[in-house]
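Here is a small set of exercises to work through with the structure open beside you. Try each task before you read its solution.

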Amino acid sequence: MKKRIYIAGCGGMLGEAFYRQFRDDFDLRCTDIDLNEPWLSFLDFRDLNAYRNDVQAFGPGFLFHLGAYTDLEFCEENEEETYLTNTLAVENAVFIANKLNIPLLYISTAGIFDGRKEFYDDWDLPNPLGVYARSKYMGERFVIENAKRYLICRAGWMMGAGPEKDKKFIQKLMAQIKAGVSELHIVNDKDGTPTYTQDFAKNVRVLLDQELWGLYNLVCGGETSRFEVADELIRILGLQDNIRLVPVESSYFLDTYYAPRPNSERLINRKLTLRGLNRMRDWKTALKEYIEEYYQDYL
């Protein structure tokens, strides 16, 4: 008998990776409010009774709670909905996991830090700047303080799942390149750490297999910046002679991206490394694999 995993909020970038990495060895029930894959079933995890009944009926050995609003501007403008989705739904997951006495996986983010330090390890104290960051940090706090067994894994700048599901930096650049731009304006004052969804899911599996519960930073290796990521992307695509990168300050995009963002979101996988379980590859290696696998015919 395969072990069962219930994955809530599985329709996004990260859900695609978890489905791919776990489907062969586990019996999965994958749910979301957006049924964009044949392997998804409908569930709104903000509805505690519906969530609890569906998880109980499946009888899993693990509960993965993945979904969240991640558009910072949307979150600033829709506080109540953000807290309902990103915080209270996490409390729902904790209640359910505790009742069934199963471990809970919660996904947190590098965005919960204020960016005043250059690097943040697993034990640095978060200080969220905006609604999105606060909603995620309050979810993290509730899990730590109330869940019996849990894994909290903090991701950085997410990349994965390709043009259909990637809503983040890489896809935004790829869409502009596909549209034929000759110049890309890239911020030069934001530092962080990319996280390839496939590597992330694989490393979660390592922690799960070892039953080493707790809180972990889980990002690719190598500190970087938005500008350097864009530069590497252009190099991978072989478009150095066709596209010019123009460095700009974040204020250049203030009309579009007005939610507060930390200047540095660089995480260090200190706990993973100390335990000898850091399987996260360098971000340049992961980015190259991502583009080759998911964007083969895109341009």
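The exercises below go from single residues to helix packing, aromatic rings and backbone angles.

**Ground rules**

This is a predicted model, in which local features need pLDDT of at least 70 and side-chain atom pairs count only at pLDDT 80 or more, while totals for chains, interfaces and linings use all residues. Residues are numbered from 1 along each chain as its sequence is written, and side-chain values use heavy atoms, with hydrogens and water left out.

**Exercise 1. Place D54 in its surroundings: is D54 buried or exposed, and which residues is D54 in contact with beyond its sequence neighbours?**

Step 1: find the element. D54 belongs to helix α2, residues 48–58. Helices (H or I, at least four residues) and strands (E, at least two) are DSSP runs, numbered from the N terminus.

Step 2: check the accessibility. D54 has a relative accessibility of 17%, so D54 counts as buried. The scale is relative accessible area with a 1.4 Å probe and protein chains only: buried is under 20%, exposed over 50%, and partly exposed in between.

Step 3: list the partners. Once neighbours within four places in sequence are set aside, D54 is in contact with Y6, R29, T31 and L43, where contact means heavy atoms within 4.5 Å.

Step 4: look further afield. K284 is 230 residues from D54 in sequence, and their C-alpha atoms are 40 Å apart.

**Exercise 2. Describe how α2 packs against α4: at roughly what angle do the axes cross, and which residues meet?**

Step 1: recall what is needed. Two packed helices are described by the angle between their axes and the distance between the axes.

Step 2: read off the geometry. Helix α4 spans residues 79–100, and its axis comes within 10 Å of that of α2, with a crossing of roughly 35 degrees. Axes are lines fitted to C-alpha atoms, for helices over the stretch in contact, and angles run from 0 to 180 degrees between N-to-C directions.

Step 3: assign the hand. The crossing of α2 and α4 is right-handed, meaning that the near helix is turned clockwise from the far one by less than a right angle; anticlockwise would be left-handed.

Step 4: name the residues. On the α2 side are L48, Y51, R52, V55 and Q56, and they meet A89, N92, A93, F95, I96, K99 and L100 of α4. By class, the residues of this contact are eight nonpolar, two polar and two charged. Here Ala, Val, Leu, Ile, Met, Phe, Trp, Tyr, Cys and Pro count as nonpolar, Asp, Glu, Lys and Arg as charged, and the others, Gly among them, as polar.

**Exercise 3. Classify the ring pairs of Y6: how are the planes of Y6 and Y51, and of Y6 and F58, arranged?**

Step 1: set the cut-offs. Rings of Phe, Tyr and Trp (its six-membered ring) pair if their centres lie within 6.5 Å; planes under 30 degrees apart are stacked, over 60 edge-to-face, and the rest tilted. The structure holds 19 aromatic pairs.

Step 2: take Y51. The ring centres of Y6 and Y51 are 6.3 Å apart and the planes lie at 40 degrees, so this pair is tilted. Y6 is in strand β1 (residues 3–8) and Y51 in helix α2, 45 residues away. Both Y6 and Y51 are buried.

Step 3: take F58. Y6 and F58 are 6.3 Å apart centre to centre with 65 degrees between the planes, an edge-to-face pair. Because Y6 lies in β1 and F58 in α2, the pair ties together parts 52 residues apart in sequence. Both Y6 and F58 are buried.

**Exercise 4. Find the positive phi values: where do N101 and E211 lie?**

Step 1: recall the background. Most residues other than glycine have a negative phi.

Step 2: take N101. Its phi is positive, near 55 degrees. N101 lies in the loop between α4 and β5 (104–109), and N101 counts as partly exposed because its relative accessibility is 46%.

Step 3: take E211. Although not a glycine, E211 has a positive phi of about 55 degrees. E211 sits in the loop between α7 (197–210) and β11 (214–217).
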